Amino acid sequence: MERTGLLTRPGNGAAAFSAIFSLALVATLACSPGDRTTPALPTVSGPLAHGAFVWQRQWTPAVYGAIRAAPARGLRGLVALGAEIEHRDDGPRTVRVAFDLNALAAVGPPGLALRIGGLSRTPYPVEAISDVAAQLDGAARRSGHPLAELQIDHDCPTRRLNECADLLEAVRRRIAPTPLTFTALPSWLEAPEAFARLAEAADGYVLQVHSLDDPGQRRSLVDLDLARRAVASAARVGVPFRVALPTHAYLVHLDPKGRTVAVDAEGGGADLGPSTTRRLVSSDPAEMATLVREWSASRPKALQGIVWFRLPVDGDRFNWTASTLEAVMDGQAPTSRLAIDIRRPQPGLAELDLVNRGESAEAAPLRLELSYPKPPLAGDGLGGYRLHLDRDPFGHDPPGRGHLDGQAGAPLRPGERRPVAWLRFTPGEEVSVSATFGESHGH
């Protein structure tokens with residue numbers, strides 16, 4: 001076996017690969033998931049290989065800084081978005097990214113991804129996609145940094161896996177001998193024959209176990225049990241693969257009936273009005289650390305490593321920090337510690353700040369309970385919170401209760417301080433306010 005970038009391939013080419021694959025396929029199809037005679041998968045233990053996706057379309061100084069720091073953080077392979085093909089009524093449209101192969105190669109043999117959007121019903125424009133793939137591969141060769149892999153990222157409907165395999169075969173011929181990989185969804189494993197052909201058409205794949213299915217009901221991007229089962233199923237195919245684990249979060253906008261109307265991955269989405277509510281769906285660092293520990297102790301031999309989506313970049317409010325990712329890569333759950341700071345800048349005035357004193361990004365609580373000796377004279381919520389002074393049935397303020405209601409927003413990064421309210425009391429009175437967390441969409 002020879003080592004080619006991030007993948008392990010047979011040294012004598014496609015014939016040996018197909019023979020090995022065919023044996024694995026026969027074993028896979030002969031054993032149903034519930035078959036008690038299914039042989040145990042070969043396992044290995046030890047540290048995992050870690051890589052990351054660089055998915056920004058604009059390479060800012062912060063992106064370059066994150067790439068330069070990647071080796072010191074334990075990341076050995078980066079896969080950058082190279083181009084995206086979008087389906088339009090008048091044909092495919094290609095959006096290209098001004099990636100820097102020199103920067104990527106300083107980390108290790110570079111990888112590029114070709115994202116294919118849409119096309120769930122229309123025929124694949126095989127020639128157009130193959131042309132873009134060949135152009136990305138050619139650019140890398142001319143730069144003196146041949147690709148460790150060219151990855152096709154496409155959420156293909158399961159019913160079209162055979163068509164997708166035809167596409168991969170065409171692309172593979174155009175870019176040979178560069179390794180071709182693809183991003184796979186767990187649902188594809190439920191069609192074993194079609195998935196087997198798809199896997200045979202490439203040199204490896206990345207199993208994406210995070211999902212935004214039914215985002216109105218989800219709080220975490222990964223279901224741990226489903227992820228474990230997907231990895232076990234993928235291992236039985238017998239083709240080397242890696243697992244993509246998330247580091248990011250989405251802000252999901254819901255209508256009054258709980259239906260998703262928008263998904264915001266950058267935090268710059270427009271306000272959709274008071275009739276909508278927001279839910280933060282995020283990756284839980286403690287849960288991801290659990291998977292890292294489990295797979296470091298014992299994992300299927302076919303599982304070759306983890307690719308994190310996405311590389312932490314300063315200023316990315318909907319992603320982990322670099323220190324959080326480092327801790328999780330070591331199998332350590334970062335500490336979680338949200339607190340309320342009450343400042344008293346002048347007599348009678350209390351200003352409340354939400355502070356993240358932990359090691360990971362945290363979702364802001366949706367409700368903060370307040371108590372004080374006497375009702376305030378005035379006050380207001382800040383940063384998306386609304387102040388409610390609780391009243392008794394006769395419309396009078398009770399002697400010391402209120403609450404703040406908020407909407408889900410960008411997570412608080414470690415060390416971040418966010419003002420949430422101010423309260424004005426009678427001058428000369430002792431100001432004493434306490435706040436406790438109510439329901440939250442946190443990690």
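**Exercise 1. Classify Asp166 in this predicted model: is it buried, partly exposed or exposed?**

Step 1. Take the relative accessibility of Asp166, which is 39%.
Step 2. Recall the cut-offs: buried means under 20%, and exposed means over 50%.
Step 3. Asp166 therefore counts as partly exposed.

**Exercise 2. Find the salt-bridge partner of Asp166 and say which parts of the chain the pair ties together.**

Step 1. Look for the partner: Asp166 forms a salt bridge with Arg197, and the closest N and O atoms are 2.3 Å apart.
Step 2. Place both residues. Asp166 belongs to helix H5 and Arg197 to helix H6 (residues 192-200), so the salt bridge links parts that are 31 residues apart in sequence.
Step 3. Check the accessibility of Arg197: at 26%, Arg197 counts as partly exposed.

**Exercise 3. Describe how helix H5 packs against helix H4.**

Step 1. Start with the geometry. The axes of H4 (residues 126-143) and H5 (residues 161-175) come within 9 Å and cross at roughly 35 degrees; the crossing is right-handed.
Step 2. List the contact. H4 contributes Val126, Ile129, Ser130, Asp131, Ala133, Ala134, Asp137 and Arg141, which meet Leu167, Ala170, Val171, Arg174 and Ile175 of H5.
Step 3. Sort these residues by character: 8 are nonpolar, 1 is polar and 4 are charged.

**Exercise 4. Do the same for helices H7 and H8.**

Step 1. The axes of H7 (residues 224-235) and H8 (residues 285-297) cross at roughly 30 degrees and come within 11 Å. This crossing is right-handed.
Step 2. On the H7 side, the contact is made by Leu224, Ala227, Arg228 and Val231; on the H8 side, by Glu287, Met288, Thr290, Leu291, Glu294 and Trp295.
Step 3. The contact residues comprise 6 nonpolar, 1 polar and 3 charged.

**Exercise 5. Work out which strands stand at the edges of the open sheet, and why one side of each lacks a neighbour.**

Step 1. Write down the order of the 4 strands: S17-S18-S23-S20, with antiparallel pairing.
Step 2. Read off the ends. S17 (338-343) and S20 (378-381) each have a single partner strand, so one side of each is left without a neighbour in the sheet.
Step 3. Add the twist, which averages 20 degrees from one strand to the next.
Step 4. Move to the S18-S23 pair: 7 bridges join S18 (residues 349-356) to S23 (residues 417-424). Among the paired residues, Asp353 has Pro419 in S23 as its bridge partner.

**Exercise 6. Compare the accessibility classes of the two residues in the salt bridge of Glu416 and Arg418.**

Step 1. Their side chains meet at 3.2 Å, N to O.
Step 2. Glu416, at 25% relative accessibility, counts as partly exposed, whereas Arg418, at 16%, counts as buried.

How values were computed. Residues are numbered from 1 along each chain as its sequence is written. This is a predicted model: local features need pLDDT of at least 70, side-chain atom pairs count only at pLDDT 80 or more; totals for chains, interfaces and linings use all residues. Side-chain values use heavy atoms; hydrogens and water are left out. Two strands pair if DSSP finds at least two bridges between them. Helices (H or I, at least four residues) and strands (E, at least two) are DSSP runs, numbered from the N terminus. Axes are lines fitted to C-alpha atoms, for helices over the stretch in contact, and angles run from 0 to 180 degrees between N-to-C directions. A crossing is left-handed if the near helix is turned anticlockwise from the far one by less than a right angle, and right-handed if clockwise. Contact means heavy atoms within 4.5 Å. Ala, Val, Leu, Ile, Met, Phe, Trp, Tyr, Cys and Pro count as nonpolar, Asp, Glu, Lys and Arg as charged, and the others, Gly among them, as polar. A salt bridge is a side-chain nitrogen of Lys or Arg within 4 Å of a carboxyl oxygen of Asp or Glu. Buried means under 20% relative accessible area, exposed over 50%, partly exposed in between (1.4 Å probe, protein chains only).
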